[in-house]
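User: Please take a close look at one part of this model. Choose a part with something out of the ordinary in its backbone, and set it in the wider picture.

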Amino acid sequence: MRRRIVAPLILPASALFLALITGAVFIVLSSPLVEGHFDFGLPLKAYGALISGSLLSTNGWIDTLVNASPLMLAGLSVAICFKAGLFNIGATGQTLIGALAAAAAGAVLAAQPAPIAIIGALLAGLVAGMLYGFIPGALKAFTGAHEVVTTIMLNYVATYLIAWAITGPLLAPGASFARTSDVGAAALPSLLGPTGHHLHAGVLIALATIPIAWWILNRSTVGFEVRTVGANPDAARYAGMRPRLLTVGTFAVGGGLAGLAGTIEILGVSGYMPAAYATNIGFDAITVALIGRANPFGVLFGALLLGALRAGAASMQIQAGIPVEMIDILQGVMLFYLSADVIVRRIFRLRKVEGGVDELATVSRSYGGQTTAP
Amino acid sequence: MDALLDVPVLGVLIQLVGYLGSVVVSNGPIIMALAAPLTLGALCGVMNERSGVVNIGIEGMMLASAFMGWFAASAAFQSMGPSEPSEFFGVTPPLLIGLVAALLTGLLLSLVHALLSISVRADQIISGTIINIVAVGLTGYLNLLLSKSSPPTAGKFEAFVPPHFLTDLPVVGWLFRMFLAQGPVTMSAIVLAVILQILLFRSRWGLRTRAVGEHPRAAETVGINVIATRYRNVILGGLFAGLAGAWFTLDFGNSFQTGMTNGRGFIALAALIFGRWHPVGAFGAAILFAYAGSLGTAIRTLPPTGQLGDILSAIPPQAFSALPYLLTIVILAGVVGRSVPPAAVGRPYEKEGAH
């Protein structure tokens, strides 16, 4: 128990602690811009608002869960790609395309009975995300184009695709700004009934995906093959596995998960998609996967942590005047300490614990072409 | 019958080729300007990858440098007041201060990258990702806080005015306009690409750098300090990223917008690969990407006539905006198999017998 649950949390917790301290120094340094004079109490005020907005009320907890759900799905997307030795920086694009497909399908099915509309829209988002994940997977497997650059390019392509689709064929008639029509019956129902903050059913989808992903990765044959390819593509080939197929398949499944993340945002939160829809979920997802060391239950923890930060960010901006971008800074600094675990272990006198994602070595080696195209 | 059907299509194709060529001539200066940050970013990549370190943080380094360059220039302008721009590129003291700030920012961030990827031996791609995340957060955070007081702009460097007898030359005049009617940062991209090309393949430093990037163990045995060489090159590479950042806010434009680098740091990486890790090759690739990026504007401002005009104006403008990114993917897919990176890229170096 202690070894399996507490030990993996020590390093992320230490990194979070150091990130909060670094962030506090930064808040004090920038306090003249916020309040016109140096204020050493500002970090406490900011972090207080952050915590009260996310953890100290029922609504805060609901916001945390709602924010964490897409992060669980997108984080899983990055994590299972890590396990196959692939770096998916394209969760942003896959999420956007999934959201677009769900919004389009929802608009079409809006007047159908709810079960049909919901399942149809969910499937549309899932499949669209899979297709968008399939592209970098196939490019890597068959041409050797490294996914780090192609997925980022696809993120930009996705934003232009959405701008075109929502100002063109999917434009809602009579809307005051460029957006798709309401998803109507495809909207995900609220778990708490019509009152209170909107805890939509997508949260359940995200929570259910975690153990399924864990089982597939760690208990099934496919999962074993994926992990073998990630650890050593050459060995996997000699053992008769098909690394190309696994690369394409893993990327498609990863894309599908990210697509679902976008889907539950549209069907559960907004109910339509504006042309200016933007998300930074790709970087959040990488952070989540790294905090969770690419383990699905670790991803759950990472997503809840980041979900809480995102949920509290708004009250931090309102009550303390600290822009929400502070969360990005905290996230980057936390990743710095997670990567530089040597430094963290020295500060806290920790013994060597497994800290990183081992399969990452394959990602970097394949960038330099040292593993033959899978 | 077939021949009759073919002719109209052929006609449009010939028109298209002619139009695409005419865009190069008429839009030469803007293409060159847009190629500058891509070239400088790719040169940063050359410095890193030739010595065996992946750097996907170029995007973030550019963004942070663009911000700091603009911020420092603006702050200097506020305290020093307006000054007479010099004849030479319209240089003013605030602009120089901004340029230095941008370079220092690139230097500082690449020091972080060097620390993580060389000393800590963290994953190099993660290290780059961290720089990208922190750069987005920091610049967004500070920009939002600063915009409340709307700081003044310190202006920007002025473009060089090439003598008329050159630009008026028949046939080749547009080339002089393209390469010479530019601001100092843009021009430096051309000069630096050539200098780095020569140094990399003709100097002792270049030989050592390439040795460290291809086979660090062998380099170590002949007495080259692998760690020190990597540190030096990665940190100096940050200067190129800093210069690329300065291009955004001190040369091409004069203000900062959140996320203004818009993926150019990543396209620079593709230019590096397409240029086969040669500085001048990367410059050529950057020109190609910049050309693709300028096509949308060209079609809007100077549309072709006739049938071709109808076809091109029917294509949604977003398709042209996405063109450089799509082109990057196509080129990576077509070229990568034949383009061989330095052998030790992405692999942290550990001295024999360490631990």
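Analyst: A residue is called buried if 20 or more other C-beta atoms lie within 10 Å of its own, exposed if 12 or fewer, and partly exposed in between, with C-beta atoms placed from the backbone. By that count, 58% of the 374 residues in chain A are buried. The model is a predicted one, in which local features need pLDDT of at least 70 and side-chain atom pairs count only at pLDDT 80 or more, while totals for chains, interfaces and linings use all residues. Residues are numbered from 1 along each chain as its sequence is written, and chains are lettered from A and ligands numbered from 1 in the order in which they are written.

The part chosen is helix 11 of chain A with the loop after it. Helices (H or I, at least four residues) and strands (E, at least two) are DSSP runs, numbered from the N terminus. Chain A has 15 helices and zero strands. Its radius of gyration, taken over C-alpha atoms, is 21 Å. The globule rule (2.2 Å times the number of residues to the power 0.38) gives 21 Å for 374 residues, so chain A is as compact as a globular protein of that length. The C-alpha trace of chain A spans about 65 × 60 × 35 Å along its principal axes.

Helix 11 of chain A is mostly covered, with eleven of its eleven residues buried. Among them are the nonpolar-looking names A:I281, A:F283, A:I286, A:V288, A:L290 and A:I291, but A:D284 and A:T287 are on the list of buried residues too. A:G282, A:A285 and A:A289 complete the list.

Just after this helix, A:R293 takes a positive phi of about 50°. Most residues other than glycine have a negative phi. A:R293 is not a glycine, and its phi is positive all the same. The residue sits in the loop between helix 11 (281-291) and helix 12 (296-320) of chain A. Although it lies in a loop, A:R293 counts as buried because 22 C-beta neighbours fall inside 10 Å.

Chain B offers a parallel. B:R276 also has a positive phi of about 50° without being a glycine, and its place is in the loop between helix 12 and helix 13 of chain B. B:R276 counts as partly exposed because it has 14 C-beta neighbours inside 10 Å.

Elsewhere in chain A, A:T250 is another buried residue, with 26 other C-beta atoms within 10 Å. It belongs to helix 10 (residues 243-270) of chain A. Two residues are in contact if their C-beta atoms lie within 7 Å. Leaving aside residues up to four places away in sequence, A:T250 touches A:I80, A:C81, A:A84, A:L86, A:G137 and A:V226. A:M326 is 76 residues from A:T250 along the chain, and their C-alpha atoms are separated by 33 Å. For chain A, among contacts between residues at least 6 apart in sequence, 76% join residues at least 24 apart.

A nonpolar core is a set of buried Ala, Val, Leu, Ile, Met, Phe, Trp, Tyr and Cys residues joined through C-beta atoms within 7 Å. The largest one has 233 residues, and those with the most contacts inside it are A:L100, A:A121, B:A271 and B:A286. The contacts of A:A121, again without residues up to four places away in sequence, include A:A102, A:A105, A:V183, A:A186, A:T263 and A:L267. A second, separate core of five residues includes B:A211, B:V212, B:A219 and B:Y349.

Chain B also has 15 helices and zero strands. Of its 355 residues, 50% count as buried. Its radius of gyration is 22 Å, which agrees with the value near 20 Å for a compact globule of 355 residues. The C-alpha trace of chain B spans about 75 × 60 × 40 Å along its principal axes.

The contact between the chains takes 46 residues from chain B and 42 residues from chain A. On the side of chain B that touches chain A, helix 5 (124-147), helix 12 (264-274) and helix 15 (317-335) of chain B each supply at least two residues. The largest share of that side, 17 residues, comes from helix 5 of chain B.
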